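Student: I have a structure to read and little practice. Could we go through some features together?

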Amino acid sequence: HREVKKMMGGSPSHRSFHDTVDALDQKTRCDMLDEISSEFAVMGTMLSVQQSMFEMSSSTLDTTLCYQTFIREVKACIQCQRVRLWLVDQENSQLWEWDPANPEQAMPNKRSFHSKEVETDSDVTARRTIINAGIAADVARTGVPINVPFPAVQSASFSIQRDRMRGENARTIICEPVRYRSKVVGVVQCYNKVSDDEEAPFSKVDEQLLRLLSDHAGILFARCAMLRAAAGLGQGTKDLMGLSGRYPFEQTDLFQIAHTGLQQAMELIEGTHCVLHIASTQDPNTLWTASPDGSGERITVPLHRGVAGWVASHRQPLILTAPDPRLHPLT
């Protein structure tokens, strides 16, 4: 059986596949064929899922469709009674459940999942408090998947408030993190394996399949999170424009506020530097920006110089890589 596994994985074997199978007893041979058929089923499912994910990632992303497709594929592949999807905000150590019945609801019922030190009288106690415990919260915090056999309610991670199902008993649960660049961006939680045996646990194949599904969904979930953050940033910009039209802000103050917003946009696209240039009201052929040393001094840039000047004069966005003639060492 190990020889077959080696050949299946592409490793060299000293025995032929035919000789290896002939040497197996009937029970081991049946077990091997079941395992191979399961692996082929996983491969076929993953090809289908990869195609769906590719089509969504290469087109205009609909976050609702993305989450609905993922839940549907997980439910069909894992063969479970129910799937819950949790979205994770690692920076603030929070997660919230995405509700298919109300997909447009923005981040409902956020709750913390981090360990918190309690400070009293300038002394930090040794005790740590887990906020709003639950299986999904444990997976979001540790990044480690959990497969809970029957009865699920006896698991140390199970929370009556967070993990029980409405109108149905939570018999078995499997929970997997969704990662993007080693960062947990979501958690998928599956309930009750569909089987003639109501106490049937989720198998190792289910674990492998759910892990593959989650790995492929990571980049889409990250893009969905980026869209949510971009929408919030855009709304903040609109609010700022409304305030600036009603109140007499100094131009320098507006620059600082706008620059802060663009810094958030820079972090959103994983950039390292961000410089804001403002069209001069005194000279239409120049731009200005604040000195990076924080002195408040203005630096003037002609429209014919550098990338910012090119974008301003042509009124077009620009994406480039060095070397490029439009790059200028002084700007």
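Tutor: We will take the nonpolar core, then some details of the backbone. Keep in mind that this is a predicted model.

Student: Which residues of the largest nonpolar core touch the most other members?

Tutor: General idea first. In soluble globular proteins, nonpolar side chains tend to be buried together. Now this case. The largest nonpolar core has 26 residues. Phe-70, Val-74, Leu-85, Val-188, Cys-190 and Phe-221 touch the most other members. Helices H4 and H7 and strands S1, S2, S7 and S8 each give two or more residues to this core. Apart from it lies another core, of 19 residues, including Val-88 and Ala-136.

Student: What is Val-74 in contact with, leaving aside its neighbours within four places in sequence?

Tutor: Its partners are Gln-79, Val-83, Val-188, Cys-190, Leu-210 and Leu-213.

Student: Gln-79 is on that list. What is the sign of its phi?

Tutor: Positive, at about 60°, although Gln-79 is not a glycine. Look for this residue in the loop between H4 and S1. Its relative accessible area is 45%, so Gln-79 counts as partly exposed.

Student: Where is Arg-315, and is it buried or exposed?

Tutor: Arg-315 lies in the segment after helix H9 (306-314). Its relative accessible area is 76%, and the cut-off for exposed is over 50%, so Arg-315 is exposed. Its phi is positive too, near 55°, in a residue other than glycine.

Student: Which residues does a cis peptide bond join?

Tutor: Phe-150 and Pro-151, with omega about -10°. Find Pro-151 in the loop between strand S6 (146-148) and helix H6 (160-163).

How values were computed
Residues are numbered from 1 along each chain as its sequence is written. This is a predicted model: local features need pLDDT of at least 70, side-chain atom pairs count only at pLDDT 80 or more; totals for chains, interfaces and linings use all residues. Side-chain values use heavy atoms; hydrogens and water are left out. A nonpolar core is a set of buried Ala, Val, Leu, Ile, Met, Phe, Trp, Tyr and Cys residues joined through side-chain atoms within 4.5 Å. Buried means under 20% relative accessible area, exposed over 50%, partly exposed in between (1.4 Å probe, protein chains only). Helices (H or I, at least four residues) and strands (E, at least two) are DSSP runs, numbered from the N terminus. Contact means heavy atoms within 4.5 Å.
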